[in-house]
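Work through the exercises below with the sequence and the 3D view side by side. Try each task before you read its solution.

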Amino acid sequence: MRTDRLVAILLLLQRREQVTAAEVAQELEVSERTARRDLDALAMAGVPVYATQGRGGGWRLVGGARTDLSGLTASEARALFLVAGQASAATPAVKAALRKLVHALPEPFRVQAEAAASSLVVDPQRWGANRVERRAPPFLDDLQDAVIRGVQVRLGYLDREGAETRRTVHPLGIVAKGPSWYLVANTDAGRRTFRIDRVSSADPTDDPVHRPADFDLAESWREIADEVDRKRTPLEAQAVCAPDGVGVLRMAFGGRLEVGGAAIDGRVEVVIRGHSEYMLAGELAGLVEWVEVTGPAGVREQLAGIGKVLVTRYGSYAQDTHAR
């Protein structure tokens, strides 16, 4: 990933008084041609780097002095290298680049930075859930590079039925959601979200992206995620819940629960979203100790039906238990 290489080269220049393209190529495991192009890119980006010609020449930062990694503190260095650790959602290319950067750190920071990279493990799976391995899909690096460089992409995309479409998009950002990766982009039809594992081709152009001045990827994704959640769970049920049951509802429904104010009798008003009346009634049936559904009528009818089935199936068992 080019951005990570440029950062690595900058830190390498800060650590040494001078580097050659061959040294950069060896350090970052790229060709000398790529190293020269990246060094030129740093200069074009305004970094005060210049080349000296002839025997003993190379690339230097203006002033020629070694620095302490742009003034990073020990805690900032540790935070940086947490990105390269096992807990990171970064791609293997990012992790590899950051692991190389540890050699550019001042000696007092190096040990703690290396420890930070292995200090944390995150298991994103809930207890009892199937384990899903996040793998970087094809074209992820190409699309991320297009986002960073701000260029449009001719995108091939497969829908759920496998039909392919082609369009030119304006990449705005990339989001990792669980095991999946998504591209947020502007299109002729408005802002759209594309699953990157369905991308069949990604050809960057030289045309610049039209990026709204007020665009914020995190805020945009929150809006997208809220809309998707509401489409997946379009039904809303109103209920009142005993105060000591609100925590149980939060664990059971997560973001599908909205907690309101207190009712006249002291119970708490809540709204719960679900996929259908029957599915939502099934989820609520085991919570009747805390929850009374007040609407819609269809959910109440489904709960009554579930109750009758439970009495029919297990009523005799309860009577036998009491008889004993």
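The exercises go from the whole chain to its cores, its aromatic pairs and its largest pocket.

This is a predicted model, in which local features need pLDDT of at least 70, side-chain atom pairs count only at pLDDT 80 or more, and totals for chains, interfaces and linings use all residues. Residues are numbered from 1 along each chain as its sequence is written, and side-chain values use heavy atoms, with hydrogens and water left out.

**Exercise 1. Take stock of the chain.**

Task: State how many helices and strands the protein chain has, and what share of its residues is buried.

Solution. Start with the elements. The chain holds 11 helices and 11 strands. These are DSSP runs numbered from the N terminus (helices: H or I, at least four residues; strands: E, at least two). Next, burial. Of the 324 residues, 35% count as buried (buried is under 20% relative accessible area, with a 1.4 Å probe and protein chains only). Last, contacts, meaning heavy atoms within 4.5 Å. Among those between residues at least 6 apart in sequence, 58% join residues at least 24 apart.

**Exercise 2. Find the largest nonpolar core.**

Task: Which elements each supply at least two residues of this core?

Solution. Fix the term. A nonpolar core is a set of buried Ala, Val, Leu, Ile, Met, Phe, Trp, Tyr and Cys residues joined through side-chain atoms within 4.5 Å. The largest one has 19 residues; Leu249, Phe253, Val270, Ile272, Leu280, Leu284 and Val291 touch the most other members. Now the suppliers: strand 8 (235-241), helix 9 (246-253), strand 10 (268-274), helix 10 (277-284), strand 11 (291-295) and helix 11 (297-323). Strand 8 gives the most, with four residues. Then zoom in on Leu280. Leaving aside neighbours within four places in sequence, Leu280 is in contact with Leu235, Ala237, Phe253, Ile272, Arg273 and Gly274. Another core, of 17 residues, lies apart from the largest one; Ile9, Leu12, Val24 and Leu42 are among its members.

**Exercise 3. Classify the aromatic pairs.**

Task: How many aromatic pairs does a search of the whole structure find?

Solution. Set the rule. Rings of Phe, Tyr and Trp (its six-membered ring) pair if their centres lie within 6.5 Å; planes under 30 degrees apart are stacked, over 60 edge-to-face, the rest tilted. Two pairs turn up. In one, Tyr157 and Phe194 have ring centres 5.1 Å apart and planes at 80°, so the pair is edge-to-face. Tyr157 is in strand 3 (residues 151-158) and Phe194 in strand 6, so this pair ties together parts 37 residues apart in sequence. Tyr157 counts as buried, at 10% relative accessibility. Phe194 is buried too, at 2%. In the other pair, Tyr182 and Trp221 have ring centres 5.4 Å apart and planes at 40°, so the pair is tilted. Tyr182 sits in strand 5 (residues 180-187) and Trp221 in helix 8, 39 residues apart. Both Tyr182 and Trp221 are buried.

**Exercise 4. Describe the largest pocket.**

Task: Which element gives the most to the lining of the largest pocket?

Solution. Begin with volume: about 1,400 Å³. Of the 28 lining residues, Lys177, Tyr182, Trp221, Val228 and Arg232 are closest to the centre. Strand 4 (164-177), strand 6 (190-195) and helix 8 (217-232) give two or more residues to the lining. Helix 8 gives the most, with eight. The terms come from a 1 Å grid over the protein atoms alone: a pocket is an open set of points where a 1.4 Å probe fits, with protein on both sides within 12 Å along at least five of seven lines, and lining residues have an atom within 4 Å of a point. Volume is the space filled by probe spheres set on the points.

How values were computed
Buried means under 20% relative accessible area, exposed over 50%, partly exposed in between (1.4 Å probe, protein chains only).
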